[in-house]
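Here are my notes for you, written as numbered points. Please keep the model open while you read.

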Amino acid sequence: MKALTTYIENHKNRFIDELVELLKIPSVSADSAYNQDVLNTAEFVKKSLEKAGCELVELCETPGYPIIYAEKIIDPNLPTVLVYGHYDVQPADPIELWTSPPFEPVIKKTEIHPEGAIFARGACDDKGQMYMHIKALEYMISTGNLPCNVKFMIEGEEEVGSESLSWFVPRNKEKLANDVILISDTGMIANDIPSITTGLRGLSYVEVEVTGPNRDLHSGLYGGAVANPINILTKIIASLHDENNHITVPGFYDNVVDLSKEERAEMAKAPFDIENYKKSIDIGDVYGEKGYSTNERNSIRPTLDVNGIWGGYMGEGAKTVIASKAYAKISMRLVPNQDWRDITKLFKNHFEGIAPKSVSVKVTPHHGGQGYVTPIDTIPYKAASNAYKTTFGKTPIPQRSGGSIPIVALFEQELKSKTILMGFGLDSDAIHSPDEHFGIWNYLKGIETIPHFYKNFTELSK
Ligand code: BES
Ligand code: MN
Ligand code: MN
């Protein structure tokens with residue numbers, strides 16, 4: 001497809017400018033202060049799909065933020081690709097750690113991105129990657145290269161648990177009917193080591209509250225005689241892992257499927273430099289569950305992590321106090337076959353069960369979702385693999401990721417279709433962190449690779 005590379009070359013400045021405009025809108029779904037911005041972003045996405053040449057574009061109201069649905073049906077006898085992405089982004093804080101403001105995109109060169117990268121919240125996760133699909137569609141429609149039918153479903157609540165999408169999908173099964181779901185919301189190993197994500201972890205996210213005395217107390221008058229909720233909370237948290245870093249919640253591992261020796265050996269073949277890994281995040285050594293490699297720990301093994309902890313006096317100087325309450329946010333990454341609702345119950349029972357009588361504890365589930373694994377001997381995988389082979393000149397490596405896109409398991413359950421995860425981000429792109437960015441090279445490579453997937457998938461499906 002020579003015309004494709006020429007098209008991208010001719011239009012790349014506009015492609016970048018349009019993404020910059022999209023990134024300027026702070027669509028933070030977690031914070032209601034950005035409510036109007038999230039809605040404006042939905043409008044932006046809607047207009048972009050109209051401009052790209054979709055015949056039907058709808059802003060579908062939900063109990064939460066709208067879902068943008070669009071389609072271009074060229075022939076009901078041809079296969080249909082359903083593209084999913086999200087237009088919401090993570091909160092930008094801690095804002096003071098950004099080198100440039102999170103919603104004022106700038107292009108800067110980095111060691112890994114010598115062609116430049118766009119720095120902005122959502123650049124990689126997921127506005128940049130979602131927008132690649134709209135630009136690939138623009139190319140296919142405007143040049144008469146769309147080989148099959150296409151549907152888009154872009155949501156605005158992914159970063160807060162996709163509640164409205166879970167409501168929308170079962171109610172719109174016919175509308176969303178497809179032969180494969182295509183998502184770019186993951187990463188790859190490196191720009192010269194393409195990979196396709198074949199697994200995602202599930203998630204159970206809870207908040208815990210430990211209450212001691214009915215008010216904050218003088219730590220001299222009462223200290224030593226009453227339970228300090230912060231001491232108790234940290235003690236309980238410390239007990240959730242044993243000396244081998246196994247999680248101690250009874251039943252936690254019951255449904256975990258162990259990989260075979262062969263599968264683990266295959267996994268170990270993926271290029272990985274532990275010294276670079278340590279250097280990239282400035283740590284003296286890696287840390288984790290005994291008996292597993294770093295790449296296994298962060299993909300095929302479940303975890304339990306405290307994501308936030310607070311309570312007591314956090315102002316300037318010292319205050320001698322025993323706080324009445326202590327809190328933590330805890331997330332568990334799960335592997336396929338662990339049911340997130342079961343795990344949430346196990347955690348709740350265990351946490352509430354081991355707390356001493358001197359405090360009361362409350363565990364509130366936030367959200368969760370199932371993990372996902374996909375086989376590689378399928379038409380969609382082959383179509384994707386061959387697409388990368390064409391544009392990267394290398395066969396991509398299948399790789400299970402540690403991240404979660406809970407909606408993928410729901411798609412399979414409700415729509416009975418497989419998802420193919422063609423991610424073009426890098427771990428170093430700092431998604432969810434200050435200075436998130438997305439390589440210009442990656443952005444354009446994504447736009448170039450996607451049309452090949454459509455073509456291969458259509459041909460292989462015949
Ligand atoms: N795009 C990410 C997930 C991801 C990133 C998967 C990189 C694999 C590689 C997604 O937006 C995300 O952040 N998901 C959340 C879960 C969600 C329920 C809030 C996550 O993984 O923490
Ligand atoms: Mn994402
Ligand atoms: Mn995310």
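1. A first term to know: the donors of a metal are N, O and S atoms within 2.8 Å of it (3.2 Å for Na, K and Ca), and water is not among the atoms, so sites may look incomplete. With that in hand, look at the two manganese ions: ligand 3 and ligand 2 are 3.6 Å apart, and aspartate 125 coordinates both.

2. A word on the basis of these notes: this is a predicted model, where local features need pLDDT of at least 70 and side-chain atom pairs count only at pLDDT 80 or more, while totals for chains, interfaces and linings use all residues. Residues are numbered from 1 along each chain, chains are lettered from A and ligands numbered from 1 in the order written, and side-chain values use heavy atoms, with hydrogens and water left out.

3. Which residues coordinate the manganese ion (ligand 3)? They are Asp125 (OD), Glu159 (OE, listed twice) and His432 (NE2), at 2.1 to 2.5 Å. Along the sequence these donor residues follow the spacing D-x33-E-x272-H.

4. Why is the arrangement around ligand 3 irregular? Its 6 donor atoms subtend angles of 56 to 154°, whereas six donors count as octahedral if opposite donors are over 155 degrees apart and all others between 65 and 115.

5. Are aspartate 125 and glutamate 159 buried or exposed? Both are buried (under 20% relative accessible area, with a 1.4 Å probe and protein chains only).

Terms used. Tetrahedral: all angles 85-135°; square planar, octahedral: opposite > 155°, others 65-115°. Buried < 20%, exposed > 50% of the residue type's maximum accessible area, 1.4 Å probe, protein only.
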